[in-house]
Amino acid sequence: LTADLTISKAALGGIGFANATFVYDGTAKSLAITGALPTGVTVNYSGNGKTKAGTYPVTATIDGGNNYIGETLTADLTISKAALLGIGFANASFVYDGTAKSLAITGTLPTGVTVNYNGNAQTKAGVHPVTATID
């Protein structure tokens, strides 16, 4: 007599893949599954390794190998903008001499960050509001 003995692939348990948020620091950020993969099970990621501020979808594709059911998990990788530190902008007084007077921020802006001034280069006596917009 003959018969078939069938062993079905098992579901993976104890595996997680969650959203995560990081603060921008210029280094690559990535998500990873949590839990231990059984022998013969592998995972491949797409969408990891981001460096700029934003929200990115990341996919973890789990190959169950010969004994486990594979699955695809998704999560969001968020990199929030970092606070600018060490930047100042202060009032200043000048004595009228007919030349243009301007204010400027103090400190060093990180690479890629710019500042635009509105209300600078005043030549007449008076109080002139100046705005420094940092992008």
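This report walks through the nonpolar core, aromatic pairs, salt bridges and a loop glycine of a predicted model.

**The nonpolar core**

Let's start on the inside. The largest nonpolar core is made up of 12 residues: L12, I15, F17, L31, I33, V41, V58, A60, I62, L73, A75 and L77. If you want to find this core in the 3D view, look at strand 3 and strand 4, since each of them supplies at least two of its residues. Strand 3 covers residues 54-63, and strand 4 covers residues 71-80. As a bit of background, nonpolar side chains tend to be buried together in soluble globular proteins.

L73 is a good core member to zoom in on. You'll find L73 in strand 4. Is L73 buried or exposed? With a relative accessibility of 18%, L73 counts as buried, because the cut-off for that label is under 20%. Which residues does L73 touch, once you leave aside its neighbours within four places in sequence? The list is I15, F17, V58, T59, A60 and I62. Now compare that with the core: I15, F17, V58, A60 and I62 are among the core residues. There is also a link across the sequence here: L73 and A18 sit 55 residues apart along the chain, while their C-alpha atoms are separated by 9.1 Å.

**Two aromatic pairs**

Next, the rings. How many aromatic pairs does the structure hold? There are 2. One of them joins F17 and Y45, with the ring centres 6.1 Å apart and 35 degrees between the planes, which makes the pair tilted. The two partners come from distant parts of the chain: F17 belongs to the segment before strand 1 (20-23), and Y45 belongs to strand 2 (residues 42-46), 28 residues away. F17 should look familiar, as F17 is also one of the core residues. F17 is buried, having a relative accessible area of 14%. Y45, on the other hand, is partly exposed at 33%.

F89 and Y117 make another tilted pair, with 6.2 Å from centre to centre and 35 degrees between the planes. Where do these two rings sit? F89 is in the loop between strand 4 (71-80) and strand 5 (115-118), whereas Y117 is in strand 5 itself, so the pair ties together parts of the chain that are 28 residues apart in sequence. F89 counts as partly exposed, with a relative accessibility of 35%. Y117 is partly exposed as well, at 33%.

**Two salt bridges**

Charged side chains get their turn now. The structure holds 2 salt bridges, and here they are side by side.

| Salt bridge | N to O distance |
|---|---|
| D25 and K29 | 3.0 Å |
| D97 and K101 | 3.1 Å |

How accessible are the partners? D25 is partly exposed, at 47% relative accessibility, but K29 counts as buried, at 12%. In the other bridge, D97 is partly exposed at 47%, and K101 is partly exposed too, with a relative accessible area of 23%.

K29 deserves a longer visit. Its place is the loop between strand 1 and strand 2. Besides the polar contact of 3.0 Å that joins its side chain to that of D25, the side chain of K29 makes a polar contact of 2.8 Å with the side chain of T27. What else does K29 touch, leaving out neighbours within four places in sequence? K29 is in contact with F22, V23, N48, G49, K50, L77 and I79. One of these, L77, is a residue of the largest nonpolar core.

**A glycine in a loop**

Finally, have a look at G65. This glycine lies in the loop between strand 3 (54-63) and strand 4. Its relative accessibility is 23%, so G65 counts as partly exposed. Not counting residues up to four places away in sequence, G65 touches K9 and G40. You can also check G65 against T42: the two are 23 residues apart along the chain, and their C-alpha atoms are separated by 7.5 Å. T42 falls within strand 2, which runs over residues 42-46.

Definitions and conventions: Residues numbered from 1 in each chain as written. Predicted model: local features only at pLDDT ≥ 70, side-chain atom pairs only at ≥ 80, totals over all residues. Heavy atoms only, no water. Phe/Tyr/Trp six-rings, centres within 6.5 Å; stacked < 30°, edge-to-face > 60°. Helix = DSSP H or I, 4+ residues; strand = E, 2+ residues; numbered from the N terminus. Buried < 20%, exposed > 50% of the residue type's maximum accessible area, 1.4 Å probe, protein only. Contact = heavy atoms within 4.5 Å. Salt bridge = Lys/Arg side-chain N within 4 Å of Asp/Glu carboxyl O. Core = buried A, V, L, I, M, F, W, Y, C linked by side-chain atoms within 4.5 Å. Polar contact = N/O pair within 3.5 Å; in protein donor to acceptor, adjacent residues only side chain to side chain.
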